[in-house]
Every structure is written in structure tokens, then in C-alpha cells.
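User: I would like a close look at a single part of this protein. Please treat the packing of its helices in one connected account.

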Amino acid sequence: MKKAAPYITGILVVIILTLLAYRSAPRRSPDDPLPLRGGNERDNRAIGEIDLEKLYPGLVLRSAKGPEKIVALTFDDGPDRVYTPKVLDILKEKGVKATFFLIGSRVEEDPEIAKRIADEGHAIGNHTYSHPKLTKASPLLAEELRKTREALEKLGLGDNGFFRPPYGAAEPSLVEQAADLGYRVAMWSVDSLDWRGLSKTEVVRNVEGYVQPGSVILQHSAGGPGEDLSGSVLAVAEIIDILTAQGYRFVTLPEMFPASEKCTEPK
Ligand SMILES: [Zn+2]
């Protein structure tokens, strides 16, 4: 028994230290975004080399084809309480409808903001539940899409059958699995690169000049921990003004890619 005493003392010390460390761990403020499972955008950005749009016409969507001067604003990674409401304020003021690719865990965290997005006439797409980096087909994808769809359904909302892969990372097997699950993969054709914490001027510059009839523009309405999107938010109003002056009309992705085009045969 005497020999066991130091061990018991040691174990008690470890337990006490663990409890103390847990108590002093920093708490997340309600304004901080939920961490992204796959890490922040800047750590993971990888656009596939393969032209998936050509391989899967009608299933992988990057832009609308045709001469009509339409353009779609899309915002990823929301909802949050910091940037998403500001983006919504600007869109409301300008009378423009956009598409938001929401993360399911964040929908559960900020259901009121998710509802506001739909109430104000914007479209919602599925951006997974925890934002993992998934390039290939995986049982996790089905789970991630289902959990987000359920989080939206609880609020009486839907995802329109649009899925945008986190980090734009996608390979053929992932596209095929998403299609089997009833989703079209919504990519983009104009990247604002706003996740780099760019200024308003830089974000506007990355968009203006690259837009063509049918472009899908990518911005974010929330970031990973520590990401600053204030420049991107400020750019929204200017992008709308510039493109409106050029004769563009803003549409949501369900308007740009109606469901009847879903089964387009390869050309
Ligand atoms: Zn994302």
C-alpha cells in the first residue's frame, strides 16, 4: 500500500492540472465564428486542375452560357453575426438578391440570421455542416449535406439542391456522389479572393474587369477565426453599382440555373 501512495498522488495532481487548464481555456465570444473543420480558407485553398464543368455539364456549374447580361453574387461560409447582417443590409438597400452557401453548424448557431437571408428573398445553398476538406467521394459528404439540410428544414428553409464544396476542392468522384444525393455542384467563375483580408479596392478590382454575361462571383459573408472580411463587405455596394451601370441584372443561382436544366446531356 505504501508503494502505491506516490502513484495515487501523481494521478491526482494530473487530474487537478487538467481541470485547471480546462477552466482557464479561452471561451469563444458569440461574435466569433465557429471554427471551420478543414481550417481557414487561406490554409486550404485549392482549385482543382480538372475542368469539371466540361466533364459534367449541367451538374457542375461555373457560369451561365449565353449573351444575357446576368450575374450572380454568391456569399460563402455564413451565417455569422458580424459580416452576414452587413451584407444583407447592403443587398436590401440596393434591392439585389444573392445566393448564400451556408454552413449547417453555423445555421444552428445563428438561426435568426439564416431565416433573415431567406425572408429577404435570397437563395440558400449547402456548404456542408462543418466545412471539411473533402475532395473525393466519402461517407462524410452524405452526412455533411444531410445535417445541413436538416438544420435548414428545422427553420422551414431549403438548400435548392445546390452544393458548393468547401475550398472549391472537388474531384470527379465527389461530383458524382453529390449528384447521386440530388445535388448540383455550384462553383464560380469570378473569385474576389476576399478571404485574404483584402481591402475594398482590391476586392472590387478582382471582380470588375473579370465579369462577363453569366458570371458567378464568389465572396464570403463570414470567415474562419481571425479572418477579416470588412473590405469585402464594403466592396459589395460598389460592385453592385459598377455592374448595374454596365447594364447587368443580378439573379440568384436557382434563377440562373433552373432545375429543368439539371439533366442537360453532354454537348
Ligand atoms: Zn467555404
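Which residues in H9 meet which residues in H10?

Analyst: This is a predicted model, in which local features need pLDDT of at least 70, side-chain atom pairs count only at pLDDT 80 or more, and totals for chains, interfaces and linings use all residues. Residues are numbered from 1 along each chain as its sequence is written.

On the H9 side, the residues that meet H10 are Lys200, Glu202, Val203, Val204 and Val207. Their partners in H10 are Gly231, Ser232, Leu234, Ala235, Glu238 and Ile239. Two residues are in contact here if their C-beta atoms, placed from the backbone, lie within 7 Å. By class, this contact comprises 6 nonpolar, 2 polar and 3 charged residues. Ala, Val, Leu, Ile, Met, Phe, Trp, Tyr, Cys and Pro count as nonpolar, Asp, Glu, Lys and Arg as charged, and the others, Gly among them, as polar.

As to geometry, the axes of H9 and H10 are 8 Å apart and make an angle of about 50 degrees. Axes are lines fitted to C-alpha atoms, for helices over the stretch in contact, and angles run from 0 to 180 degrees between N-to-C directions. The two helices are therefore oblique to each other; angles under 35 degrees count as roughly parallel, over 145 as roughly antiparallel, 65 to 115 as roughly perpendicular and the rest as oblique. The crossing of H9 with H10 is right-handed, a crossing being right-handed if the near helix is turned clockwise from the far one by less than a right angle, and left-handed if anticlockwise.

Helix H9 spans residues 200–207, and its buried residues are Val203, Val204, Asn206 and Val207. A residue is buried if 20 or more other C-beta atoms lie within 10 Å of its own, exposed if 12 or fewer, and partly exposed in between, with C-beta atoms placed from the backbone. The buried residues of H9 cover an arc of only 160 degrees around the axis, so they are on the same side of the helix; the arc is that of the directions from the helix axis to the C-beta atoms. Besides H10, they pack against strand E7 (190–191) and strand E8 (215–220). After H9 comes Gly209, with a positive phi near 95 degrees. Helices (H or I, at least four residues) and strands (E, at least two) are DSSP runs, numbered from the N terminus.

Helix H10 (230–245) also receives the buried residues of H4, which pack in addition against strand E2 (70–78) and helix H6 (111–119). In H4 (residues 84–94), the buried residues are Thr84, Val87, Leu88 and Leu91. Seen down the axis of H4, they fall within an arc of 100 degrees, so they line one face of the helix.

The axes of H4 and H10 come within 9 Å and cross at roughly 20 degrees. These helices are therefore roughly parallel to each other, and their crossing is right-handed. Lys86, Val87, Ile90 and Lys94 in H4 meet Val233, Val236, Ala237 and Ile240 in H10. That contact has 6 nonpolar, no polar and 2 charged residues.

Helix H4 also contains Asp89, which counts as partly exposed because it has 14 C-beta neighbours inside 10 Å. Just after H4, Gly95 takes a positive phi of about 65 degrees.
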